[in-house]
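Me: Could you take a close look at one part of this protein for me, the salt bridges and what surrounds them? I'd like one connected walk-through rather than a list.

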Amino acid sequence: MVRTKRLMKSLRSRSEREIDEEVGRHIRTLRLAAGHSLAELGTRLEVSYQQVQKYESGDNRLSAVKLQQIAGIYGVSVQYFFGEIEPRETEFAELLMEVTGPAVTAAGRQKLQLVRFFLSIPDSGVRNAIVQMVRSFAQAEAGCRRAAGVEDPAAGDAAPPEQEE
């Protein structure tokens, strides 16, 4: 049985394998960003955690139905899994890679924790107030850095994020 699986894997073209791995990486990124375990996602998909692990590694291919279920769970389009993300999703995808990628830093973990807590607040007015408060802190920090003649690491982020409605 194991020998047959190895043979089948070797028969798959390299490009198919690469696509399966890319889809799997995107699933893992979303799962980790949401704070879900393999078992939690497996339960929602009605598969074992081992199956989810195989999806994420690219060892097993997902059906279109499962891929659509995962997209629904994490609120992304199916195209997200193939790298065809809309421009609006690009910043979010980059943030996800930063906080769930292979070299996650303490700062990346803090960002992820902040996003999780922020998303758990149901009141948009409270979320807007938090955004304003954080923006004020960031602007004050940038002003202090300029006054001290220290380069601002966030200088490239001149445009503030849009407020929720």
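Reply: Asp20 is buried, with a relative accessible area of 8%; buried here means under 20%, exposed means over 50%, and partly exposed is in between, using a 1.4 Å probe and protein chains only. Keep in mind that this is a predicted model, where local features need pLDDT of at least 70, side-chain atom pairs count only at pLDDT 80 or more, and totals for chains, interfaces and linings use all residues. Residues are numbered from 1 along each chain as its sequence is written, and side-chain values use heavy atoms, leaving out hydrogens and water.

The side chain of Asp20 meets that of Arg61 in a salt bridge, at 3.0 Å from N to O. The term stands for a side-chain nitrogen of Lys or Arg within 4 Å of a carboxyl oxygen of Asp or Glu, and by that rule the count comes to six. Asp20 sits in helix 2 and Arg61 in the loop between helix 4 and helix 5, so the pair ties together parts that are 41 residues apart in sequence. Helices are DSSP runs of H or I with at least four residues, strands are E runs of at least two, and both are numbered from the N terminus. Unlike buried Asp20, Arg61 is partly exposed, with a relative accessible area of 47%. Glu16 joins in as well: Glu16, Asp20 and Arg61 are linked in a network of salt bridges.

Now for another pair. Asp59 forms a salt bridge with Arg17, and their closest N and O atoms are 3.0 Å apart. Asp59 belongs to the loop between helix 4 and helix 5 and Arg17 to helix 2, so this pair ties together parts that are 42 residues apart in sequence. Arg17 is buried, at 18% relative accessible area, while Asp59 counts as partly exposed at 25%.

Helix 2 also feeds the largest nonpolar core, which has 16 residues; Ile27, Ile70 and Phe81 have the most contacts inside it. Such a core is a set of buried Ala, Val, Leu, Ile, Met, Phe, Trp, Tyr and Cys residues joined through side-chain atoms within 4.5 Å. Helix 2 (14–33), helix 3 (38–45), helix 4 (49–57) and helix 5 (64–74) each supply at least two of its residues, and helix 5 gives the most, with four. Leaving aside residues up to four places away in sequence, Ile27 touches Leu41, Glu56, Leu62, Ile70 and Phe81; a contact means heavy atoms within 4.5 Å.

Over in helix 8, there's a salt bridge of another kind of spacing. The side chains of Glu141 and Arg145 meet at 3.4 Å, N to O, and the two lie four residues apart, about one turn of the helix. Glu141 counts as partly exposed at 41% relative accessibility, and so does Arg145 at 25%. Helix 8 (residues 124–148) also holds Phe137, which counts as exposed at 55% relative accessibility.

As for how far to trust the model, the mean pLDDT of the chain is 77, and 70% of its residues reach 70 or more. pLDDT is the predictor's confidence in each residue, from 0 to 100. Over residues 156–165 the pLDDT is below 50. Where pLDDT is low, the predicted coordinates should not be read in detail.
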